[in-house]
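Q: Could you take me through this model and explain, term by term, what earns each label it is given?

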Amino acid sequence: MSLVFSEETHRNLLSRIPKRTGREISDWLRAVDDGPGLLRFEDKVSWLRSEYDLAYGHAKAIVHEYDLRRAARRLG
């Protein structure tokens, strides 16, 4: 059930998440960071969905952004 989002779709999803969830992206990224330390992408998405009752697309966008920022920190 893995969806592939374009960069534009990813950015659009991220921009809507605060209004839809009442939490900023930084709060969601912190939730993933403080979560159970799952390694697989889909496991993180499933955890977010079950823990916070998020839509699949929102959870996937949050985890994707988390992974992008984590990779950027490693490279920087």
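A: A helix is here a DSSP run of H or I with at least four residues, numbered from the N terminus. The place of Tyr-56 is in such a run, helix α4. The model is a predicted one, and every value that follows is computed from it.

Q: Why is Tyr-56 called buried?
A: Buried means under 20% relative accessible area. Tyr-56 has a relative accessible area of 9%, so the residue is called buried. As for its place in space, Tyr-56 and Glu-7 are 49 residues apart in sequence, and their C-alpha atoms are 17 Å apart.

Q: What pattern does the protein chain follow along the sequence, and how many helices and strands does it have?
A: The protein chain has four helices and zero strands, and read along the sequence it gives the pattern α-α-α-α.

Q: What makes the protein chain as compact as a globular protein of that length?
A: The radius of gyration is 12 Å, and the globule rule gives 11 Å for 76 residues; the two values are close, so the protein chain counts as being as compact as a globular protein of that length. Along the principal axes, the C-alpha atoms fill a box of roughly 30 × 30 × 25 Å. Of the contacts with a separation of 6 or more, 51% are between residues 24 or more positions apart.

Q: Which residues have the most contacts inside the largest nonpolar core, and what makes a set of residues such a core?
A: A nonpolar core is a set of buried residues of the kinds Ala, Val, Leu, Ile, Met, Phe, Trp, Tyr and Cys, joined through side-chain atoms within 4.5 Å. The largest one in this model has 18 residues, and those with the most contacts inside it are Ile-17, Trp-28, Leu-48, Leu-54 and Ile-62. The elements that each give two or more residues to this core are α1, α2, α3 and α4, with α4 giving the most, six residues. In soluble globular proteins, nonpolar side chains tend to be buried together. Over the whole protein chain, buried residues make up 33% of the 76 residues.

Q: How do you know that Ile-17 is buried, and which residues does it touch?
A: The cut-off for buried is under 20% relative accessible area, and Ile-17, with a value of 0%, is therefore buried. Ile-17 has its place in helix α1. Not counting residues up to four places away in sequence, Ile-17 touches Gly-22, Arg-23, Ile-25, Trp-28, His-58, Ala-61 and Ile-62. By contrast with these partners, Ser-50 is 33 residues from Ile-17 in sequence and 17 Å from it in space, C-alpha to C-alpha.

Q: Why are His-10 and His-58 both counted as buried?
A: His-10 has 2% relative accessibility and so counts as buried, and His-58, at 12% relative accessibility, is therefore counted as buried as well, since the limit is under 20%. His-10 is found in helix α1, which spans residues 7–21, while His-58 has its place in helix α4. Leaving aside neighbours within four places in sequence, His-10 is in contact with Phe-5, Ala-61, His-64, Glu-65 and Leu-68, and His-58 is in contact with Leu-13, Ile-17 and Arg-20.

Q: Why does Asp-27 count as partly exposed, and why is Asp-53 called exposed?
A: Partly exposed is the range between buried, under 20%, and exposed, over 50%. Asp-27 has 25% relative accessibility and therefore counts as partly exposed, whereas Asp-53 has a relative accessible area of 70% and so is called exposed. Asp-27 is found in helix α2, and its C-alpha atom is separated by 18 Å from that of Phe-41, which is 14 residues away along the chain. Asp-53 lies in the loop between α3 and α4.

Q: What makes the phi of Asp-53 worth a remark?
A: Phi of Asp-53 is near 55°, a positive value in a residue other than glycine. Most residues other than glycine have a negative phi.

Q: How far apart are the mean positions of the positive and negative charges?
A: The mean positions of the 14 positive and 12 negative charges of the protein chain are 2 Å apart. The accessible surface of the protein chain comes to about 5100 Å², and carbon and sulfur atoms hold 50% of that area.

Definitions and conventions: Residues are numbered from 1 along each chain as its sequence is written. This is a predicted model: local features need pLDDT of at least 70, side-chain atom pairs count only at pLDDT 80 or more; totals for chains, interfaces and linings use all residues. Side-chain values use heavy atoms; hydrogens and water are left out. Buried means under 20% relative accessible area, exposed over 50%, partly exposed in between (1.4 Å probe, protein chains only). Contact means heavy atoms within 4.5 Å. The radius of gyration is taken over C-alpha atoms; the globule rule is 2.2 Å times the number of residues to the power 0.38. Accessible areas come from the Shrake-Rupley method with a 1.4 Å probe; for residues, only the protein chains shown count as cover. Lys and Arg count as positive and Asp and Glu as negative; His and the chain ends are not counted. The place of a charge is taken as NZ of Lys, CZ of Arg, CG of Asp or CD of Glu.
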